[in-house]
Amino acid sequence: MGTTLTLLAVAIAVGLLYRGRGYAAWSLGAATALLAWLVAGVQSPWLFGLVALTAGAAAWVFGREELRRRLVSARAMPIVARLLPRLGATERVALKAGTVWWDGDLFSGQPDWRKLLAFSPRRLSPAERAFLDGPVEKLCEMLDDWEIQQAGDLPLEVWEFLKQQRFFGMIIPEEHGGLGFSAIAHSAVVTKIASRSITAAVTVMVPNSLGPAELLLHYGTDAQKRHYLPRLANGEEIPCFALTGPEAGSDAAATQSVGIVTRGKFEGEEVLGMRLDWRKRYITLGPISTVIGLAFRLRDPDHLLGDEEDLGITCALIPSSLPGIEIGSRHDPLGVPFQNGPNQGHDVFVPLDFIVGGRDMAGEGWRMLMESLAAGRSISLPALSVGGAELAARVVSAYGMVREQFDTPIGRFEGIEEPLARIGGLTYMMNAARELTAGAVDAGEKPAVLSAVAKAYLTEGMRTVVSNAMDIRAGAAICRGPRNILARAYVAAPIGITVEGANILTRSMIIYGQGAIRCHPFALEEIEAVGSGDLARFDRAFFGHVNFVFSSAARSLVLGLSNGRVARASVPGPAAPWFGRLTRMSAAFALVSDACMATLGGQLKRREKITGRLADVLAWTYLASAALKRFCDDGQPTRDQPFVEWACAHALFECQQALAGVLDNLPSRAAAWALRPLVFPLGKRLRPPSDRQGSAVARALLDDATAREALTAHIFQPPAEEPGLGRLEAALTKAVAALGVESKIRDAVRAGQLDRAPGDVLADRALEAGIIDAEERKRIHDADDARAEVIQVDTFSPEAFTALRR
Ligand SMILES: Cc1cc2nc3c(=O)[nH]c(=O)nc-3n(C[C@H](O)[C@H](O)[C@H](O)COP(=O)(O)OP(=O)(O)OC[C@H]3O[C@@H](n4cnc5c(N)ncnc54)[C@H](O)[C@@H]3O)c2cc1C
């Protein structure tokens, strides 16, 4: 008793002397008391007192800013300077670009759930809704993806329709002739088109993503806006954006495309301009573009613009018709025939006015790209991925009921429930993240880190979902033809993984590398304070950081012991426990992340297996928080509960595995040893979604029409007579209508009123025996006919087969 009271007194004294805020002060006190007890032992009260007194004195110094600055911070600053990562010029620009939003909360270890739940994303306006129900619906009706693939391009009338309805001007404001849509509307349009044709979705997506229109809107001169924006909006100009070259893929800033400032003649007039040489590849819409948004390195060897010779990455708009430009060749991106190809320019002279924003923006290209990337990356590929995932969910949930083997709909087999659960849970979470991220953009954010999360994890999500759907469809998914609508999404999945920053690099370098510095409450401040040599600023940031580490450690321990139960629930209802569990992960993440930064310092940048796992934790906490937000915004409907439970359990398990992976592989074994009891005080107790949770998702997909409808509400629903999804849906309706009759017959067999017999014979006997009536017999007949039709796959004559475009 006496010992406990002494320890408590020491803890309180040290906490008070430190004067830090909240957890930090008390955990420092507790740690000191514990240390004193461990080092000195209660048997040696003098030594115990000495250790406690020393700690108290240190805490007193730490608690007084003036003293602390002189005695501690002045010495710590050069040490920290050595530990901090060295940032290149392009990295520094990337770090400044965009904004920190919910990612900041997740990084803080104390996400403010009330703030997230109070956030009200913009809804579709009446005009946007009318566009989705009108031109987008019509476009989807016009698209026949199998024909598009065979023709190697969109039909002419589709190109005309896209231009006429201003699909290429969704982000261009109405005053410049565009549609002026919100991010959520833009995203909804791409999702719906993607469920119909990836080729069409990419074609619509690219002019509305990072490219000439986006760059002009933010940085263009008035003259450039007046000239280009109306033409881009109505499709008179087809834009492409050319950054990637053979030598510069992921490392785009290493471009060898160059412009030399010089005098020359343009349209008969002598002007100051640039002589350009470039070789680009993989450029979407490039082969048919009329204007190229070109990124190149601008040099001024004759100092015509000033003292600097290397002005840096610059973006200009170059008409494709100029002499010296070669355009038109196409790549074949996995057989998905959107327009994509290389282009090059040799000795192309243009005036300096062609630089986006005019000559003052020479060398500002990298900043422009980094600032603009966050918006486009938040929308295009996440929307496309959700289109693919919802399509897959819709197809397999119908097929699971319609396709029978061993006299049973295949969806009833437990083996099939497993992939169905992954499809349902991931699709729900992916759409929630799509809506939340687009909502952030509509609220004025440029979420640099979260847009990268959405891009990387939703494209990967689509790959997983479609791949699982392929396994459920089995042979019907393998044989290609107009009926097989999944194979096209399956083949296209790696394209999303690769473009707009390939996922491997995005995971380690952008989400964590950038996130760690950008979203961390103190890291950027410390870097800047060290960079400017500002001791007072460094002292505040450094001790803020120290407080933060103690706070995260204490929170991680307490929340870990209770599996998040002690965190305040943000809402009542079935969602409530998940908030606490996610808070726990966030606290553990904050702690482990700091430990990695402290022990690895500047080296952490290169330890991509560590940073990749940390990115996983940030990403899965974001995805799960999006799922919870969507669930709560919808009023926690029972219909969606299985999806949310599966999604949260899955995300939390992924977080646990990622954190455990970091601890297992952290080079500093002492740090890993110290962290483990704080992160997993009761061991790794989280489990992946249980069989029961998985079955509930499968049941919701197969048996709950409203849940299935809500889950896949954002895709195009083809007419009932169309091969593929149309006929499958019609067959499902008929199969469901016959379910009651089939169970009547089964009951009669079980009761001995009917002998067992194959399907048709049994139904006829049931009719003869008066167990079912003629109308019920017809229902079974219609369901069987529809089933027989939708299980067919396409076949081709030898001549037609040879002529197929693959
Ligand atoms: C169909 C298609 C359309 C495209 N459209 C356009 C377009 O319109 N405009 C445009 O400018 N570009 C476009 N691109 C280019 C695209 O952005 C690049 O392909 C992408 O940036 C990757 O470059 P890369 O293919 O050269 O791969 P590489 O840079 O060679 O990378 C190979 C692998 O290494 C990984 N990697 C590279 N560096 C690191 C690192 N530091 N850490 C960890 N991993 C790393 C990458 O993640 C990748 O997995 C398109 C590409 C494709 C395939």
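Helices and strands are taken here as DSSP runs, numbered from the N terminus, and with that convention histidine 303 can be placed in the loop between strand 4 (291-299) and strand 5 (310-319). The model is a predicted one, and the account below moves from this loop to two other loop positions, then to two helices, and finally to the ligand.

Histidine 303 has a positive phi of about 55°, although it is not a glycine. With a relative accessibility of 39%, histidine 303 counts as partly exposed, because that class lies between the limit for buried, under 20%, and the limit for exposed, over 50%. Glutamine 636 is likewise a residue other than glycine with a positive phi, here near 50°, and its place is the loop between helix 24 (608-633) and helix 25. Its relative accessibility is 17%, and glutamine 636 therefore counts as buried.

A further loop, the one between helix 10 (156-164) and helix 11 (183-194), holds glycine 178. Is this glycine buried or exposed? At 1% relative accessibility, glycine 178 counts as buried. When neighbours within four places in sequence are left aside, the residues in contact with glycine 178 are Arg166, Gly169, Ile172, Pro173 and Ala233. Phenylalanine 167, which is 11 residues away from glycine 178 in sequence, has its C-alpha 8.6 Å from the C-alpha of that glycine.

Helix 25, which spans residues 641-665, contains histidine 650. This histidine has 15% relative accessibility and so counts as buried. Beyond residues up to four places away in sequence, histidine 650 touches Leu426, Met429, Trp620 and Pro689.

In helix 30 (residues 759-768), the buried residues are Leu762, Ala763 and Ala766. Because they cover an arc of only 100° around the axis, these residues lie on the same side of helix 30. The general background is that an α-helix has 3.6 residues a turn, so residues three or four places apart point the same way. Among the elements that cover the buried residues of helix 30 are helix 29 (725-750) and helix 31 (774-790). After helix 30 comes glycine 770, which has a positive phi, near 75°.

The last part of the picture is the ligand. Which of the 20 residues around the ligand come nearest? They are Phe241, Thr244, Ser250, Tyr282 and Glu608. For three of these residues a polar atom can be paired with a nitrogen atom of the ligand: in phenylalanine 241 it is a polar backbone atom, at 2.8 Å; in threonine 244 it is a polar side-chain atom, at 2.7 Å; and in tyrosine 282 it is again a polar backbone atom, at 2.8 Å. On its own the ligand has 980 Å² of accessible area, of which the protein covers 69%. Strand 1 (239-242), strand 3 (269-284), helix 19 (486-498) and helix 20 (503-518) are the elements that give two or more residues to the shell around the ligand. Sorted by class, that shell has 12 nonpolar, six polar and two charged residues.

Conventions
Residues are numbered from 1 along each chain as its sequence is written. This is a predicted model: local features need pLDDT of at least 70, side-chain atom pairs count only at pLDDT 80 or more; totals for chains, interfaces and linings use all residues. Side-chain values use heavy atoms; hydrogens and water are left out. Buried means under 20% relative accessible area, exposed over 50%, partly exposed in between (1.4 Å probe, protein chains only). Helices (H or I, at least four residues) and strands (E, at least two) are DSSP runs, numbered from the N terminus. The arc is that of the directions from the helix axis to the C-beta atoms. Contact means heavy atoms within 4.5 Å. A residue is near a molecule or strand if one of its heavy atoms lies within 4 Å of it. A polar contact is a pair of N or O atoms within 3.5 Å; within protein, one must be able to donate a hydrogen and the other to accept it, and residues adjacent in sequence count only if both atoms are side-chain atoms. Accessible areas come from the Shrake-Rupley method with a 1.4 Å probe; for residues, only the protein chains shown count as cover. Ala, Val, Leu, Ile, Met, Phe, Trp, Tyr, Cys and Pro count as nonpolar, Asp, Glu, Lys and Arg as charged, and the others, Gly among them, as polar.
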